[in-house]
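Here is a short tour of a protein model, from its overall make-up down to one hairpin and one surface patch. Please keep the structure open as you read.

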Amino acid sequence: MECNHDCPILEKKGVKPTSNRIIVLKALIAAARPVSLAELDEIIGTMDRSSIFRVLTLFTSSHVVHTIEDGSGTLRYEMCDGEDECTLDDMHTHFYCERCHRTYCFKSIHIPAIDLPEGFSMNSVNYMVKGICPRCAGLLQKAQDR
């Protein structure tokens with residue numbers, strides 16, 4: 001697999017750009033939203049799920065991606081914008097549609113600073129809003145109008 005403009009993302013994080021890693025990286029970038037292992041498996045279609053999972057595990061430990069849990073019990077993966085590691089500035093609000101079960105990123109809505117009591121240190125934060133997305137709201141309205 002040819003390593004084009006996406007490879008510097010891996011190289012900057014110290015990850016060797018193998019063909020499987022490039023395939024997973026391109027799928028994550030193309031998704032442009034947090035996706036689950038099952039969704040990546042469906043998107044990619046040419047790799048077995050265990051290979052995708054191994055790449056995601058490496059990407060997580062190398063801060064290429066970070067994980068979020070949307071309340072459905074499924075981890076979702078999204079690209080980490082941080083230079084070296086995922087920081088609070090990389091964390092943003094997510095929205096989980098309770099109807100279509102998609103998770104959306106609201107990168108312009110940052111997570112508020114959290115002042116933890118003395119002795120506590122934060123490694124990550126998950127800020128999830130749940131409701132109905134505009135697409136599903138439109139479908140519900142059409143169904144009611146009939």
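## Overall make-up

Helices (H or I, at least four residues) and strands (E, at least two) are DSSP runs, numbered from the N terminus. Along the sequence, the pattern reads α-α-β-α-α-β-β-β-β-β-α, which comes to five helices and six strands.

This is a predicted model, where local features need pLDDT of at least 70 and side-chain atom pairs count only at pLDDT 80 or more, while totals for chains, interfaces and linings use all residues. Residues are numbered from 1 along each chain as its sequence is written, and side-chain values use heavy atoms, leaving out hydrogens and water.

## The E2–E3 hairpin

Take a look at strands E2 (residues 65–69) and E3 (residues 75–79): they pair in the antiparallel sense over five bridges, where pairing requires that DSSP finds at least two bridges between two strands. One partnership joins isoleucine 68 to arginine 76 in E3. Five residues lie between the two strands of this hairpin, and glycine 71 in the turn has a positive phi of about 95 degrees.

## Burial and contacts

Of the 146 residues in the protein, 35% are buried (under 20% relative accessible area; exposed is over 50%, partly exposed in between, with a 1.4 Å probe and protein chains only). Among contacts (heavy atoms within 4.5 Å) with a separation of 6 or more, 50% come from residues 24 or more positions apart.

## Leucine 116

Between strand E5 (103–110) and strand E6 (128–131) runs a loop that holds leucine 116. Leucine 116 is partly exposed, at a relative accessible area of 35%.
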